Amino acid sequence: MSTDEGQSEPILARGHSLGSITDKISSIVLVRNFEWGWLLGFAVGLSLLMLLLVSVTYLFVKGVGIWGLNVPVAWGFAIVNFVWWVGIGHAGTLISAILLLVKQEWRTSINRFAEAMTLFAVACAGLFPLLHLGRPGYFFFLVPFPNTMGMWPQFRSPLIWDFFAVGTYATVSLMFWYVGLIPDLATLRDRATKRVSRVIYGVFALGWRGSARHWKRYEDAYLLLAALATPLVISVHTIVSFDFAVGIVPGWHSTIFPPYFVAGAIYSGFAMVLTLAIPLRKFYDLEDFVTDRHLNNMAKVMLAAGLIVAYGYLVEIFTAWYSGHNFEIYMLENRIEGPYSFWYWMLIACNVAIPQLLWFRAVRGNVLMLFVLSLVINVGMWLERFIITIVSLHRDFLPSSWEIYQPTFWDWSTYLGTMGLFLSLLFIFIRVLPMISIFEMRELLEETESEAE
Amino acid sequence: MIPRSEHFGMLAEFDDVDALQAAARKTHAAGYRRVEAYSPLPVHGLAADLGFSRTRIPLVVLCGGIFGCIAGYLLQYWTTVIEYPMNIGGRPLHSWPAFLPVTFETTVLCASLSAVLGMLALNGLPRPHHPLFNIPQFARATQDRFFLFILAKDPLYHEESTRQFLTDLNPLEVIDVPRP
């Protein structure tokens, strides 16, 4: 009988104490000297952010014609990128909330930056529904408020549901993340030496003292937030999938979409967490906290999600054939051998074939391979949203409406620009806030020590 | 020595969570009721040892969730059926299945907001000034030390006997905390 080596490795390296955990994590923020590596990363992020600002300004001046949109492909990169970013965001909440509820202790060292990743990804995602409006100045039509026109939104529309879902998700994620930060902000307040730092951390720490009664209420509220965030995550990406599933376009109108999208979100989200965790733990010497066992577990979750996504692809193929509906069958034929067939097969390679390498322990233990695989999966998940949106739209019911979609420079520049926004926010986060949850690591230390006794 | 009227309480510092828990139990058993314990991590059972076991947070969250649910549904019902009816594909005005996604979201939103705001309000936060912040050793309460604090308001509080009681618990230090 073979035992999985990964299970016997600790999730917190031995030899740490409450003081050393506090020192190690808070010193990244308070003590480390100026680093060229951080500056380089931040500079790249900021440059891409400038690209985003240029793209958005030009978009507002000229209109959505600068993108490759045409008839029938009236929904292009904006929606693809929106779904991609929202999907990435979901892994953060899954790690923070769902893994907390099922008492998986290995979530502890990764949940803080995973939640930060969620917030920044949702910020990037939220730009696209605003940018893709033909008249973005009227975005407030989505908001239900008493106005001089006596007008109210149309609540039966998935786009309104999106507004409420993504808005709620952003708000709840922000609160969940902030509440988790309060005790750590108190730690930073008490350790900072410069007066400015002490005041700013002090303000945001809200005067936290670590009182046992406060901790009790805190823990109750935190657990309840986790319990609320769990169905929220599932509902948000379900509602995003309804943007497609509620329409009658072949390839969209399928009941597999909600679970298929949620699994896809978990898949791409964990891939992004790995993409971030691997460099961060290397450059900030955090291998004691984000151990090989963490990477192993994340790889396994990714593999599981990938298998559900592969099942989703199979169901799409089966339903198209089983329906006997000639438009559905043509949708499938078009994906396999039409103008975008190269991208469809790349998608199968990136999302289904290559990740099967994760079955092998050697691959899961090889950090470089995991990093490359996580990038491959992120690309694959983007291609999946591309195939769903554009390939279904460009050839639907009426052949005289068929058209080829070509993305323009501005489509790509806006997309890359949002990566700049994400990177900039991430580098600021690393610089000023503890990227691992200090008090939860202390709790983990106490628990592993008492188990060892 | 500070005069009795200037006392806020007496603080005992420990470096181990088990020592703090044992001290908390002994303090509660001795009859002290105005006691607080401070730790850099949540300690299960510590609040119960001090006599505090049930919070009102779950009730607050439930009320918030119910409010959000009703408010979300009524908003949609009122705007779609009464105030701004629109004929969308011949669907009935009160198309309740289509109202469910938004209702779910408003439920979760209001429940989460009440969890956070309720927790902060019940904890009395934000409270940037507290007499304990004037004690230099207390800065380690958020790092790696544990504290037990008996307030002067406690009916059993008496400067010498309380100090003797705390010293008997084997802390690292016993500190007088003056009123600010």
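This passage describes the interface between chains A and B and one helix of chain A in a predicted model.

The two chains meet through 53 residues of chain A and 64 residues of chain B. The size of an interface is often given as the accessible area lost when the parts come together. Here, the area buried between chain A and chain B is about 5300 Å². Carbon and sulfur atoms give 70% of that area. Polar contacts join 19 residue pairs across the two chains, counting pairs with both residues at pLDDT 80 or more. The count of salt bridges between chain A and chain B is zero.

On the chain A side, four helices each give two or more residues to the surface that touches chain B. They are α2 (18-30), α6 (158-191), α8 (212-245) and α16 (438-452) of chain A. Of the elements on this side, α8(A) gives the most, with 18 residues. By class, the side of chain A that touches chain B has 28 nonpolar residues. Another 12 are polar, and 13 are charged. Charged residues are thus present on this side, yet the salt-bridge count between the chains is zero.

Helix α9 of chain A covers residues 257-283. The helix has 27 residues and reaches 39 Å from its first C-alpha to its last. That span is close to the 39 Å expected at 1.5 Å a residue. Most of α9(A) is covered, with 22 of its 27 residues buried. Just after α9(A), the backbone at Asp285(A) takes a positive phi of about 55°.

Key: Residues numbered from 1 in each chain as written. Chains lettered and ligands numbered in written order. Predicted model: local features only at pLDDT ≥ 70, side-chain atom pairs only at ≥ 80, totals over all residues. Heavy atoms only, no water. Contact = heavy atoms within 4.5 Å. Buried area = accessible area lost by both parts, 1.4 Å probe. Salt bridge = Lys/Arg side-chain N within 4 Å of Asp/Glu carboxyl O. Polar contact = N/O pair within 3.5 Å; in protein donor to acceptor, adjacent residues only side chain to side chain. Nonpolar A, V, L, I, M, F, W, Y, C, P; charged D, E, K, R; others polar. Expected span 1.5 Å × (residues − 1). Buried < 20%, exposed > 50% of the residue type's maximum accessible area, 1.4 Å probe, protein only.
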